[in-house]
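Me: I would like a close look at one part of this model, with enough of the remainder to place it. Please keep the cut-offs explicit.

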Amino acid sequence: MAKTLNATIELIFDFVSPNAYFAYYPLKDMAAKYGSELLVTPVFLGGMHKLTGNAPPFIRDAEVKGKNEYAMLEMNRFIAKHGMTNWKMNPKFPFNSVTLQRLLCGVDAAERLKLLDLLLPAIWEHGLDASDPDAIGQALSSARLDAADLLSKTQEPTVKQSLMDNTDQAVARGAFGIPTIYVKTGDKSEMFFGKERLGQIEELLQSL
């Protein structure tokens, strides 16, 4: 560890975004390297897009000649740079992530990170049907977690409201997509959007 910082890295997160997978692991490494806390705030990306008028890039840029092809080129460069060669496009993409997001809202901050470590590879390396509660339950059970209890929490009104509130609050703070990252030091918070900003985030942490 280089040094211990009084800093928090907050990742605005939805499992449905491939870029959430790509951003999570480098951010986790940075948090360990600089002695910072990594927090994950689950939101519902579909709701965020509705509130902001945004849309997934593959839809938004579909009629722009060459743009999605270039985005794929950059994604492959990112995968090669960070050694994420186990990544595969989920066959059900884009899937409904609401159950997964409520799952995160039903546990504490430390348990969220454990669920990301379990479910991100399941979804983005092994093709888990992320919209199927039974498939999610099997993945949880395979890790010796209480799948029935965790999934039952996704139907609790307070958990459902928590996801809606997180989404509303993220948009109110300026977020419009995934991954949005906030680096907080004391009363100061800086926003970064996209996996392409990881270098800027590390430069900020280095400067503290």
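What follows is one question about charged side chains and one connected reply.
Which residues are linked in a network of salt bridges, and which parts of the chain does the pair of E10 and K184 link?

Reply: This is a predicted model, in which local features need pLDDT of at least 70 and side-chain atom pairs count only at pLDDT 80 or more, while totals for chains, interfaces and linings use all residues. Residues are numbered from 1 along each chain as its sequence is written, and side-chain values use heavy atoms, with hydrogens and water left out.

The network consists of E10, R173 and K184, linked by salt bridges. A salt bridge here is a side-chain nitrogen of Lys or Arg within 4 Å of a carboxyl oxygen of Asp or Glu. Between E10 and K184, the closest N and O atoms are 3.1 Å apart. This pair links distant parts of the chain, with E10 in strand β1 and K184 in strand β3, 174 residues apart. Strands are DSSP runs of E with at least two residues, helices are runs of H or I with at least four, and both are numbered from the N terminus. E10 is buried, because its relative accessible area is 5%, whereas K184 counts as partly exposed at 30%. The classes are buried under 20% relative accessible area, exposed over 50% and partly exposed in between, with a 1.4 Å probe and protein chains only.

The structure holds 9 salt bridges. Among them, E190 pairs with K188, with closest N and O atoms 3.6 Å apart, and E196 meets K195 at 3.2 Å, N to O. E190 is partly exposed at 28% relative accessibility, and K195 is buried at 9%. R102, in helix α5 (residues 98–105), is buried yet has no salt bridge; D14, the nearest side chain of opposite charge, is 11 Å away. Leaving aside neighbours within four places in sequence, R102 is in contact (heavy atoms within 4.5 Å) with T154, Q155, V159, K160 and L163.

For the chain as a whole, there are 22 positive and 25 negative side chains, and the centres of the two sets lie 4 Å apart. Lys and Arg count as positive and Asp and Glu as negative, without His and the chain ends; each charge is placed at NZ of Lys, CZ of Arg, CG of Asp or CD of Glu.

The fold around these charges has 10 helices and 4 strands, in the order β-α-β-α-α-α-α-α-α-α-α-β-β-α. Its radius of gyration is 17 Å, close to the 17 Å that the globule rule gives for 208 residues, so the chain is as compact as a globular protein of that length. That radius is taken over C-alpha atoms, and the rule is 2.2 Å times the number of residues to the power 0.38. Buried residues make up 44% of the 208 residues. Of the contacts between residues at least 6 apart in sequence, 72% join residues at least 24 apart.

Strand β1 (7–13), together with α9 (157–172), packs against the buried residues of α2. In helix α2 (residues 45–52), these are L45, G47, M48 and H49. G53, just after α2, takes a positive phi of about 80°.

On the β3 side, a cis peptide bond with omega about 0° joins I178 and P179, and P179 lies in the loop between α9 and β3 (180–185). Another cis bond runs from F93 to P94, with omega near -5°; P94 is in the loop between α4 and α5. Most residues other than glycine have a negative phi, and most peptide bonds are trans. R144 has a positive phi near 60° and is exposed, with a relative accessible area of 81%. R144 lies in the loop between α7 (133–142) and α8 (147–153).

The loop between α4 (67–82) and α5 also holds M84, which counts as buried at 7% relative accessibility. Not counting residues up to four places away in sequence, M84 touches Y21, F22, Y25, P26, F78 and I79.
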